[in-house]
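Subject: Structure handover

Hello,

Here is the structure we discussed, with the sequence alongside. My notes on what was found in it follow below.

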Amino acid sequence: MRTSRLQRRYLSRRLEILRAAGREFRTRGFAETGMREIAAAADLSPANLYNYFRGKDEILFFCQDNALDRLLANLETIRHARTQSASEKLRAIIRFHLHCVLDEVEGSAAHLLTNSIPSHLQKRLLTKRDRYEQGFRHLVARGIRSGELFPTDPALAARVILGALNSTVLWFNPQGPLTTEELAENFAAYLVRGLRAKSSGHARQNRSGRSLDRSTASLGKKLAKTGDPQW
């Protein structure tokens with residue numbers, strides 16, 4: 001009983017350190033963040049921090065591993081739901097994925113581009129990422145078989161969606177005009193609408209009477225002139 005309590009406290013402390021490290025990675029950048037900065041953010045001495053993690057590479061691995069576990073668990077729950085269509089399932093997965101990478105600091109750290117993690121740990125992460133992508137592919141393929149989604153390459157569709165979702169951590173501004181929830185709803189609408197068989201070739205109208213496709217193109221031209229968008 002005592003051992004179990006100590007283990008829970010230990011795991012809880014590790015998660016606190018992960019979140020503190022994720023904030024530092026996101027603010028400073030992975031290369032500029034050292035164990036001393038992580039220890040300070042987690043309210044620990046550097047010596048005490050090493051009782052939980054041997055280095056920042058290991059911390060980044062656990063950030064990625066923890067985020068992938070959450071994404072995989074959500075994917076499996078939604079995939080096996082019987083009351084939702086393929087489109088509804090895709091929208092739900094997209095919304096959860098965006099909340100994970102933008103609202104959870106260790107989730108955002110999970111998408112930092114780094115080769116610092118040792119190769120044997122990278123292989124474990126790649127295995128989980130492949131499982132997650134495969135789940136996306138299977139869901140798209142199921143929608144195609146049912147006629148709900150138009151015929152396309154499920155692997156390409158999955159990579160387009162995941163690439164769009166993961167890129168948000170590089171440009172999304174939490175102080176911008178859109179909340180995470182609003183961004184998630186928009187992404188879900190845009191990405192899934194492009195796969196739906198019935199909506200192919202038909203532009204939905206927004207309140208101003210302009211098609212969403214046309215207004216999106218106009219926004220893209222405007223942002224191209226002004227530089228990086230501050231969302």
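The model is predicted, and six aromatic pairs turn up in it. A pair of aromatic rings is described by the distance of the centres and the angle of the planes. For Trp171 and Phe187 the ring centres are 6.4 Å apart and the planes stand at 35 degrees, so this pair is tilted. A stacked pair would need planes under 30 degrees apart, and an edge-to-face pair would need over 60. Trp171 belongs to helix H8 (residues 154–171) and Phe187 to helix H9 (residues 180–193), so the pair ties together parts that are 16 residues apart in sequence. The two partners are not equally covered: Trp171 is partly exposed, at a relative accessible area of 28%, while Phe187 is buried, at 14%.

Elsewhere, Phe53, Phe61 and Phe62 are linked into a cluster by ring pairs. Phe62 also has a charged residue over its face, namely Arg14, at 4.5 Å from the ring centre. A similar note applies to Phe30, where the charged end of Lys56 sits over the ring, 4.6 Å from its centre.

On the overall fold: the secondary structure of the protein comes to 10 helices and zero strands. Read from the N terminus, the order of elements is therefore α-α-α-α-α-α-α-α-α-α. The protein has 231 residues, of which 41% count as buried. If you take the contacts between residues at least 6 apart in sequence, 69% of them join residues at least 24 apart.

Helix H8 deserves its own paragraph. How far apart are the end C-alpha atoms of H8, and what span should its 18 residues give? At 1.5 Å a residue the expected figure is 26 Å, and the end C-alpha atoms are 27 Å apart, which agrees. At the start of H8, the backbone nitrogen of Ala155 has a side-chain oxygen of Asp153 within 3.0 Å. The buried residues of this helix are Ala155, Ala157, Ala158, Ile161, Leu162, Leu165, Thr168 and Val169.

Thr168 can be looked at in more detail. This residue of H8 is buried, with a relative accessible area of 0%. Neighbours within four places in sequence aside, Thr168 is in contact with Leu98, Val101, Leu102, Leu183 and Phe187. Phe187 in that list is the residue whose ring pairs with Trp171.

Next, a polar side chain in helix H5 (residues 86–103), that of Ser87. Is Ser87 buried or exposed? Ser87 counts as buried, at 3% relative accessibility. Which side chains does the side chain of Ser87 reach with a polar contact? One is the side chain of Glu148, at 2.6 Å, and another is the side chain of Arg196, at 2.9 Å. Apart from residues up to four places away in sequence, Ser87 touches Glu148, Leu149, Val192 and Arg196.

Ala67 is a residue of helix H4 (residues 56–79). Ala67 is buried, with a relative accessible area of 1%. Along the chain, Ala67 and Glu104 are 37 residues apart, yet their C-alpha atoms are separated by 8.5 Å.

On cysteines, in case you plan to ask: the structure holds zero disulfides. A disulfide is a covalent bond between the sulfur atoms of two cysteines. Cys63 counts as buried, at 0% relative accessibility, and Cys100 is buried as well, with a relative accessible area of 3%.

The last item is a backbone angle. Most residues other than glycine have a negative phi. Asp43, which is not a glycine, has a positive phi, near 60 degrees. Where does Asp43 lie? Asp43 is in the loop between helix H2 (35–41) and helix H3 (46–49), and at 67% relative accessibility it counts as exposed.

Regards

Conventions. Residues are numbered from 1 along each chain as its sequence is written. This is a predicted model: local features need pLDDT of at least 70, side-chain atom pairs count only at pLDDT 80 or more; totals for chains, interfaces and linings use all residues. Side-chain values use heavy atoms; hydrogens and water are left out. Rings of Phe, Tyr and Trp (its six-membered ring) pair if their centres lie within 6.5 Å; planes under 30 degrees apart count as stacked, over 60 as edge-to-face and the rest as tilted. Helices (H or I, at least four residues) and strands (E, at least two) are DSSP runs, numbered from the N terminus. Buried means under 20% relative accessible area, exposed over 50%, partly exposed in between (1.4 Å probe, protein chains only). A charge sits over a ring if NZ of Lys or CZ of Arg is within 6 Å of the ring centre and within 35 degrees of the ring normal. A polar contact is a pair of N or O atoms within 3.5 Å; within protein, one must be able to donate a hydrogen and the other to accept it, and residues adjacent in sequence count only if both atoms are side-chain atoms. Contact means heavy atoms within 4.5 Å. A disulfide is a pair of cysteine sulfur atoms within 2.5 Å. The expected span of a helix is 1.5 Å times one less than its number of residues.
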